[in-house]
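Biologist: I'm new to this one and would like a close look at a single part of it. Could you take me through it slowly?

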Number of protein chains: 2
Amino acid sequence: MLNVRIVSVGKLKERYLLEGLAEYCKRLRPFCKLELIELKDEGMEKEATNMQRFIDANTFVLDVQGKEMKSEEFAQFLSKQSKSITFIIGSAQGVHESVKSKCRLLSLSKMTFTHDMCRLFLLEQIYRSFMIIKNSPYHK
Amino acid sequence: MLNVRIVSVGKLKERYLLEGLAEYCKRLRPFCKLELIELKDEGMEKEATNMQRFIDANTFVLDVQGKEMKSEEFAQFLSKQSKSITFIIGSAQGVHESVKSKCRLLSLSKMTFTHDMCRLFLLEQIYRSFMIIKNSPYHK
């Protein structure tokens, strides 16, 4: 089972986003092992230090400059991962260059959303990917 | 005050999305007159008929094939509107060609999200636009 790690900055507070996240965590349970990691919001440099241990060849930073994919492409891409994949979502200030330079960049949209909302969007896309892979009606 | 109309299909049921929408409706109150219109989910053709009365020169259909904008461009674009603007969000099946052909198409992302989630994303972007226009720290 694929290990999906989402590293984000700061504690998610908005109740509606927490509920949305919980919903997609539940839905994703049969398809991947999901780890949601919240780092302290303590400035880009210190955050970058704390992010280092999550960086490997399969680590992606969500960034508006990153590669955009259609949901089908993202699903294809996810289906090729065998062990683990990590997504890093920065704070409102973004992610430090020292982290970005070691990772691939992925963009959910040309538009900027709150970093908290991005967690929900990303989880929905991961769930959608599994539904595309198994050709479930969810994504149609 | 700009009149912003969001026409969507089907009743929004997920509690967390309703809460998110309510939050952004509240935040938008000082900046625009917001009308959220829910059409019956009764098939693309019938929906297209019901959408006709909302179509004018300032009607946009959210569609993955549409024009993507950065948040700053979207804000610029919104700031140029003087009276009213309408956004149409289709059902999971999309929007009928007879509607799309009369409107401009706008895309929030290359990725597909649930049409219910799109309502939240769009409201957030509209709110973000007003914050960009008045140079508030929200969007930074």
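What covers the buried residues of H1(B)?

Modeller: Keep in mind that this is a predicted model. What covers the buried residues of H1(B) includes H1 of chain A, together with helix H5 (115-133) of chain B. So let's start with H1(B) itself, which has 14 residues that should span 20 Å at 1.5 Å a residue, and its end C-alpha atoms are indeed 20 Å apart. Its buried residues are Leu17(B), Gly20(B) and Leu21(B). Looking down the axis of H1(B), you'd find those buried residues within an arc of 100°, so they line one face of the helix. Turn to the face pointing away from that buried side and you meet Ala22(B) and Lys26(B), which are exposed.

Now hop over to the partner helix in chain A. H1(A) also has its own numbers: 14 residues, reaching 20 Å from the first C-alpha to the last, close to the 20 Å expected at 1.5 Å a residue. Buried here are Leu17(A), Gly20(A), Leu21(A) and Tyr24(A). They take up an arc of only 100° around the axis, which puts them on the same side of H1(A). On the face turned away from that buried side sit the exposed residues Ala22(A) and Lys26(A). And what do the buried residues of H1(A) pack against? H5 of chain A, together with helix H1 (15-28) of chain B.

Step back to see how the chains meet: 24 residues of chain A are in contact with 24 residues of chain B. On the chain A side, helix H1 (15-28), helix H3 (71-79) and helix H5 (115-133) each supply at least two of the touching residues. The largest share, five residues, comes from H1(A). Sorted by class, that side of chain A has nine nonpolar, seven polar and eight charged residues.

H3 and H5 of chain A also touch each other. Their axes come within 8 Å and cross at roughly 80°, so H3(A) and H5(A) are roughly perpendicular to each other. From H3(A), the residues making this contact include Phe74(A), Ala75(A) and Leu78(A), while H5(A) brings, among others, Ile126(A), Ser129(A) and Ile132(A). By class, the contact of H3(A) with H5(A) has six nonpolar, four polar and two charged residues.

Definitions and conventions:
Residues numbered from 1 in each chain as written. Chains lettered and ligands numbered in written order. Predicted model: local features only at pLDDT ≥ 70, side-chain atom pairs only at ≥ 80, totals over all residues. Contact = placed C-beta atoms within 7 Å. Helix = DSSP H or I, 4+ residues; strand = E, 2+ residues; numbered from the N terminus. Nonpolar A, V, L, I, M, F, W, Y, C, P; charged D, E, K, R; others polar. Axes fitted to C-alpha atoms, helices over the stretch in contact; angles between N-to-C directions. Parallel < 35°, antiparallel > 145°, perpendicular 65-115°, else oblique. Expected span 1.5 Å × (residues − 1). Buried ≥ 20, exposed ≤ 12 C-beta atoms within 10 Å, placed from the backbone. Arc of directions from axis to C-beta.
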